[in-house]
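Take a look at the structure below. We will start with how its strands pair and end with a pocket.

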Amino acid sequence: MSVLLSIKKLRKSFGDQALLEMDNFQLEQASAYVLTGVNGVGKTVLMRILAGLELADIEHAEWCGQALTWNRYPAHLRAEIVYVHQHPIMFQMSVADNISYGLRLRSLPRAEVQKKTEEALAWTGLQAIRDRFPQGLSGGEKQKIALARAKVLEPRLLLLDEPTSNLDGIAREQVIALIPDLINEGKTVLMACHDRDLIHLPQTQHLKLRAGKIEVRDNSD
């Protein structure tokens, strides 16, 4: 398996308090990871660092084997890494337009935007509500919109912050069922979660964040 992202000596502090002190952090291509740890340990902060939304001290980083200068977040990573918040923002526009928003920002041809949006609607089963606005949508529907909006951008690394934490029953199962599709497409997915079903997804590696460091755990833990 090829290495997608490799980071050495990552440190994140708030004042005099060190939150993250990692010697090595590595993600492989076309792989799934779950990131667990107690609340406040820094899971979301780590994901925001990887997405360029938080600053951190990083001694050395490589993307697909190429060295990066992380003190100024590389512009090309903004297209290759997408972060999906635990409570995703819904724009005041239709479901279909929410999904296509990032594509339109990239000024892609209209036909390509339409094709990718239709595929994403079919993937998430949202065709029937394509013209609805966010008001009144369920948590599961909003999470599927967020996943579709991220997927159409074709990132190489997808960061999902608690993707099932606010979902129950069928909605939760539907979101979980979408994750293997992302891996099969060659994407690397890192999920911060406490969901046992996500932790035990086939071929998913369990990473635990404790005392600022990453521990590789057995999925039976």
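Two strands count as paired if DSSP finds at least two bridges between them. Keep that in mind for this predicted model. Strand 7 covers residues 157–161 and strand 8 covers residues 188–192. These two strands pair in the parallel sense, over 5 bridges. Within this pairing, L158 stands opposite V189 of strand 8.

Now widen the view. Strands 7 and 8 belong to an open sheet of 6 strands. The order is 6-7-8-3-9-10, and the pairing is mixed. Strand 6 and strand 10 (213–217) are the edge strands, and each pairs on one side only. On average, neighbouring strands of this sheet are turned by 20 degrees against each other, direction ignored.

Helices come next. Helix 5 lies across strand 6 and strand 7. Its direction is about 170 degrees to strand 6. Helix 6, residues 169–184, lies across strand 3 (32–36), strand 7 and strand 8. Helix 6 runs at about 145 degrees to strand 8.

Where does the largest share of the lining of the largest pocket come from? Strand 6 supplies it, with 4 residues. Strand 6 (81–84), helix 3 (95–105) and helix 5 (139–151) each give at least two residues to this lining. The pocket has a volume of about 650 Å³. Its lining holds 19 residues. Of these, V82, Y83, V84, R149 and L153 lie nearest the centre of the pocket. By class, the lining has 14 nonpolar, 2 polar and 3 charged residues.

Technical notes: Residues numbered from 1 in each chain as written. Predicted model: local features only at pLDDT ≥ 70, side-chain atom pairs only at ≥ 80, totals over all residues. Heavy atoms only, no water. 1 Å grid on protein atoms, 1.4 Å probe; cavity = no way out; pocket = protein on both sides within 12 Å on 5 of 7 lines; lining within 4 Å. Points joined across faces, edges and corners; volume = space filled by probe spheres on them. Nonpolar A, V, L, I, M, F, W, Y, C, P; charged D, E, K, R; others polar. Axes fitted to C-alpha atoms, helices over the stretch in contact; angles between N-to-C directions. Contact = heavy atoms within 4.5 Å.
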